[in-house]
Amino acid sequence: MIKTYQSNLQNFIHWAENTPNNIFLKQPFAGKYTDYSYQVSLRIVEKIGTYLKQQINKEKPLHIGILSKNSAHWILADLAISYAGAISIPFYPTLTSEQLNQVLIHSDCQILIVGKLDNWDEIQKGLPDSIQIIFTPDSPCQKGISWNEIIDSSMEIMDPVLPQPDKLATIVYTSGTTGVPKGVMITNGSIALALNLAREIAHLDKSQTRFISYLPLCHIAERNFVEFACTAAGGTIFFVENLETFQQNLFQARPSHFLAVPRIWAKFKDGILQKIGGQKKLSLLLSIPFLSNLIQKKIQKGLGLDQTCMVITGAAPMPKELTAWFQTIGLSIQEAYGMTENLGLNSLTPRHQIKLGTVGRVHEQCTTRIDPDTQEIQMKADYNCLGYYKNQAQTDELFDGPWLKTGDMGHLDSENFLTIIGRVKDNFKTAKGHYVAPAPIENSLSMHEHIEVACVVGLNLPQPMGLILLSPKASEVTQHELVLSLEKLLNDINPSFKKYEYLKKLIIMQEPWSVENACLTPTLKIRRMQIEKVVEGRLEEWYHTKQTIIFE
């Protein structure tokens, strides 16, 4: 056990020295796993780290990028960058060549480690000629120097640069929900502080911790919950080979810690109901005393979540009805709330005190207040970021003295539980002069069995409207039945909101929203500005159409 957590690298080295034969990383390929022990991983980190250290120009910091899907090489690359005393900058593997070029140049990236990718032919067009490339064995890239060439070289290993608490560890680019990505500057000290804060609540002292990595490691939630937590706990990270093998890999990992975004939880629910024969049958089985516990355990094991001590949701609002549903099958999903700028640590739902509709209780080392004028959540903690790289103006906007302005609206109750009620910048004014907060309405819509995801729009319209994508279940009913179902939904949810927030219509979108068409972020949150841009020319036409449910 580590007495006090330090930097990501120091925690990793501790376990490599004390539990060298324990498995650190498990990488699947063609259905079989390649295991990396802590000792083997350290040898790789030493070699790559030494090579990177040799590239350092003492006149300026070395900025090294990682461009890869989640893999063992991603984690090893990040540790090697820290070993060299350099600054790691992860990039989303789903970026277009233009987007990649923008963040590479903005971040002053000098070396890029290119790993497992699906779109190399397109994305490589965004690489500036000045960038040095290292490509891993599982990479489609074949230019630059190979990872294995460095590993196989006879270079003399140099000692690591021990990370200093006040030094920059990483620049994490936001996923661009509200526009151009910003580079969030995070120090080694902030990472260590956050880990020590989370030690008890995250069960990091539990033996044989197992994590599964499939959400983007570029995102602070996955980086914290999987990479940093694993190196602190001395655990094992399993990776997912591809989308088709996800369920199999999850079942094989049977993680002690598991993180999923709300859309994945919704898909899990749909899959369970489909297998079991619908909600009525499940409710009947769960109502039989001697069967209930057996059914719960069987469902949990089928998912691969029968050995979890911590099940987390985050990155987007979780509908309280969905959390309540999973409680019926014995899974207590804890909601974590935060943002890249505060390492994702603002509040967490206690496992045995889940208050539906809240994002949990504010962490003890995090002071939170609500702005009386805007209802914005503002917080201060010693682990907050330094600000945005090369963007002093937006850094100044981010802070009010020591208070970090989250951009989210919410309220605190008497027990310090936090409820999110929307985004300050998402609010729009209708033609009647009223401000509408779309997030709560979208949450209500997304709980309907025929709706996959929703986006509420209505700037300068008399009443807002809902844009929706249909779920696979919608294909099981006729168009007439679907329309009746959605009309009933509007009649049911509208009275829950203020009259000026009543949805006038629902528009069923034909073109899916995806990461590829920039309508979703890599963590599956809607990109409101992009969706509005796509439909802005048709809103008036839809609004004045006679039908309440419109097929685009």
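**Exercise 1. Two buried charged pairs**

Both Arg263 and Glu452 are buried, where buried means under 20% relative accessible area, exposed means over 50% and partly exposed lies in between, with a 1.4 Å probe and protein chains only. The model is a predicted one, in which local features need pLDDT of at least 70 and side-chain atom pairs count only at pLDDT 80 or more, while totals for chains, interfaces and linings use all residues. Residues are numbered from 1 along each chain as its sequence is written, and side-chain values use heavy atoms, with hydrogens and water left out.

Task: Determine what joins Arg263 to Glu452, and which parts of the chain the pair ties together.

Solution. Begin with the side chains: Arg263 forms a salt bridge with Glu452 (a side-chain nitrogen of Lys or Arg within 4 Å of a carboxyl oxygen of Asp or Glu), and the closest N and O atoms are 3.0 Å apart. Next, place the partners: Arg263 belongs to helix H10 and Glu452 to strand S25 (residues 451–457), so the salt bridge ties together parts that are 189 residues apart in sequence. Helices (H or I, at least four residues) and strands (E, at least two) are DSSP runs, numbered from the N terminus.

Task: Carry out the analysis for Arg223 and Asp78, and state which network holds them.

Solution. The side chains of Arg223 and Asp78 meet in a salt bridge of 3.1 Å, N to O. Arg223 lies in helix H8 (residues 220–233) and Asp78 in helix H3 (residues 72–83), so this pair ties together parts 145 residues apart in sequence. For burial, Arg223 counts as buried because its relative accessibility is 2%, and Asp78 counts as buried because its relative accessibility is 5%. To set a pair within one helix beside these, take Asp492 and Lys488, whose side chains meet in a salt bridge of 2.8 Å, N to O; both lie in helix H16 (residues 479–493), four residues apart, about one turn of the helix. Asp492, at 45% relative accessibility, counts as partly exposed. Salt bridges that share partners join Asp78, Arg223 and Glu227 into one network. A search of the whole structure finds 20 salt bridges.

**Exercise 2. The buried side of H13 and the nonpolar core**

Task: Identify the buried residues of helix H13, and state how they are arranged around the axis.

Solution. Helix H13 (residues 320–328) has Leu322, Thr323, Trp325 and Phe326 as its buried residues. They cover an arc of only 160° around the axis (taken from the directions from the helix axis to the C-beta atoms), which puts them on the same side of H13. These buried residues pack against helix H10 (262–276), helix H11 (279–286) and strand S14 (333–337). H13 is followed by Gly330, whose phi is positive, near 85°.

Task: Find which residues touch the most other members of the largest nonpolar core.

Solution. A nonpolar core is a set of buried Ala, Val, Leu, Ile, Met, Phe, Trp, Tyr and Cys residues joined through side-chain atoms within 4.5 Å. Of the 111 residues in the largest such core, Leu52, Trp265 and Phe326 touch the most other members. The largest share of this core, nine residues, comes from H3. Turning to one of these residues, Trp265 has contacts (heavy atoms within 4.5 Å) that include Leu322, Phe326 and Ile333, when residues up to four places away in sequence are not counted.

**Exercise 3. Cysteines without partners**

Task: Establish how many disulfides the structure holds, and how far Cys218 and Cys309 are from the nearest cysteine sulfur.

Solution. The structure holds zero disulfides (pairs of cysteine sulfur atoms within 2.5 Å). Cys218 is in no disulfide, and the nearest cysteine sulfur, that of Cys109, is 12 Å away. Cys218 is buried, with a relative accessible area of 2%. Cys309 is likewise in no disulfide, the nearest cysteine sulfur being that of Cys230, 13 Å away. Cys309 counts as buried because its relative accessibility is 10%.

**Exercise 4. Two local environments**

Task: Describe the surroundings of His363 and of Gly422.

Solution. His363 lies in the loop between strand S16 (361–362) and strand S17 (367–370), and at 8% relative accessibility counts as buried. Leaving aside neighbours within four places in sequence, His363 is in contact with Leu197, Ile201, Leu345, Asn346, Ser347, Leu348 and Tyr383. Gly422, in strand S22 (residues 418–423), counts as buried at 2% relative accessibility. Not counting residues up to four places away in sequence, Gly422 touches Asp408, Met409 and Ala439.
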